[in-house]
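Student: I'm new to this structure and would love a close look at one part of it. Could you take the aromatic side chains and show me how they relate to the surface around them?

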Amino acid sequence: MKEKKLRSIYKTITCMIIATITTSLLVLLFTHEWKIALVVGGLEGTLKLLFYYLHERVWDGIAWGKVKTN
């Protein structure tokens with residue numbers, strides 16, 4: 001069974017929101033600078049969205065670990 005592209009997009013977005021918030025909070029904790037935390041979080045989130053989506057699409061094309069259901 002294949003996963004639709006839209007499902008990969010939604011999974012990517014929700015995962016990256018959590019990761020971006022985590023990164024922003026860590027940067028804020030270490031720098032005490034909101035502006036730096038938001039910039040780093042934004043850049044990190046954008047790049048990770050792209051790379052995670054590509055990662056998901058590659059894995060969707062690999063049959064290993066998939067079972068066909070009726």
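Tutor: Happy to! Let's begin with a term: a residue is called buried under 20% relative accessible area, exposed over 50%, and partly exposed in between. Please keep in mind that this is a predicted model.

Trp64 has a relative accessible area of 69%, and because the cut-off for exposed is over 50%, Trp64 counts as exposed. You will find Trp64 in the segment after helix H2, which covers residues 34-60.

Now for its partner. The count of aromatic pairs comes to one. That pair is formed by Trp59 and Trp64, with ring centres 6.2 Å apart and planes at 55° to one another, an arrangement classed as tilted. Trp59 is partly exposed, since its relative accessibility is 41%.

Next, turn to the nonpolar patch on the surface. This patch is formed by Leu6, Ile9, Tyr10, Ile13, Ile17, Ile21, Leu25 and Leu49, which together offer about 720 Å² of accessible area. Helix H1, spanning residues 5-31, supplies the largest share of the patch, with seven residues. Ile21 is a good one to pick out: this residue sits in helix H1, and its relative accessibility of 48% makes it partly exposed.

Finally, how does Trp64 relate to a member of that patch? Take Ile13, one of the patch residues: Trp64 and Ile13 are separated by 51 residues in sequence and by 25 Å in space, C-alpha to C-alpha.

Methods
Residues are numbered from 1 along each chain as its sequence is written. This is a predicted model: local features need pLDDT of at least 70, side-chain atom pairs count only at pLDDT 80 or more; totals for chains, interfaces and linings use all residues. Side-chain values use heavy atoms; hydrogens and water are left out. Rings of Phe, Tyr and Trp (its six-membered ring) pair if their centres lie within 6.5 Å; planes under 30 degrees apart count as stacked, over 60 as edge-to-face and the rest as tilted. Buried means under 20% relative accessible area, exposed over 50%, partly exposed in between (1.4 Å probe, protein chains only). Patches are made of residues with over 30% relative accessible area and no salt bridge: like charges are joined within 9 Å, nonpolar side chains (Val, Leu, Ile, Met, Phe, Trp, Tyr) within 5 Å. Accessible areas come from the Shrake-Rupley method with a 1.4 Å probe; for residues, only the protein chains shown count as cover. A salt bridge is a side-chain nitrogen of Lys or Arg within 4 Å of a carboxyl oxygen of Asp or Glu. Helices (H or I, at least four residues) and strands (E, at least two) are DSSP runs, numbered from the N terminus.
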